[in-house]
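Biologist: Could you take a close look at one part of this model for me? I'd like the aromatic rings and whatever sits around them, with the cut-offs spelled out as you go.

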Amino acid sequence: MGRSLTKRTMSAALAARRVLAAASHSGNEGGAKTWKILTIVLALPGVSVCMANAYMKAQAHSHEQLEFVPYSHLRIRTKKFPWGDGNHSLFHNPHTNPLPDGYESSHH
């Protein structure tokens with residue numbers, strides 16, 4: 001019983017693979033048109049919805065600066081960074097990235 005089920009499953013998978021392979025080689029008349037329609041109908045509205053969602057979440061986000069807690073395992077400087085004063089990371093943001101001794105400024 002189990003062996004015949006496996007054979008049927010394998011033959012069905014092989015038949016599906018052959019159908020898909022035949023469809024891919026049967027010509028490209030409608031391929032570009034199909035992808036153009038899918039892009040216009042699905043992709044562009046999907047990207048628009050995602051952009052609107054990100055914008056609304058950014059508007060509702062609190063821009064308060066978090067309280068600085070000097071954890072001993074964070075912001076360890078064993079050697080200076082090779083740019084600037086050696087204490088600021090390459091993409092340092094004074095509002096969100098504290099230095100080892102705290103934030104640079106308390107206002108935004």
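Modeller: Some background before the rings: of the 108 residues of the chain, 6% count as buried (buried is under 20% relative accessible area, exposed over 50%, partly exposed in between, with a 1.4 Å probe and protein chains only). Bear in mind that this is a predicted model, where local features need pLDDT of at least 70 and side-chain atom pairs count only at pLDDT 80 or more, while totals for chains, interfaces and linings use all residues. Residues are numbered from 1 along each chain as its sequence is written, and side-chain values use heavy atoms, leaving out hydrogens and water.

The chain has two helices and zero strands (DSSP runs numbered from the N terminus: H or I of at least four residues for helices, E of at least two for strands).

Now the rings. Searching the whole structure turns up two aromatic pairs (rings of Phe, Tyr and Trp, the last by its six-membered ring, with centres within 6.5 Å; planes under 30 degrees apart are stacked, over 60 edge-to-face, the rest tilted). Phe68 and Tyr103 have ring centres 6.3 Å apart and planes at 75°, so that pair is edge-to-face. The pair links distant parts of the chain: Phe68 and Tyr103 are both in the segment after H2, 35 residues apart. Tyr103 counts as partly exposed, at 22% relative accessibility.

The other pair is Phe81 with Trp83: their ring centres are 5.2 Å apart and the planes sit at 10°, so this one is stacked. Phe81 is partly exposed at a relative accessible area of 26%, and Trp83 is partly exposed too, at 32%.

His88 ties in here. Leaving aside residues up to four places away in sequence, His88 touches Phe81 and Trp83, along with Leu99 and Glu104 (contact means heavy atoms within 4.5 Å). The His88 side chain also makes a polar contact with the side chain of Asp85, at 2.9 Å (a pair of N or O atoms within 3.5 Å; within protein, one must be able to donate a hydrogen and the other to accept it, and residues adjacent in sequence count only if both atoms are side-chain atoms). As for where that puts us, His88 lies in the segment after helix H2, which spans 31-60.

Stepping back to contacts across the chain, among those between residues at least 6 apart in sequence, 38% join residues at least 24 apart.
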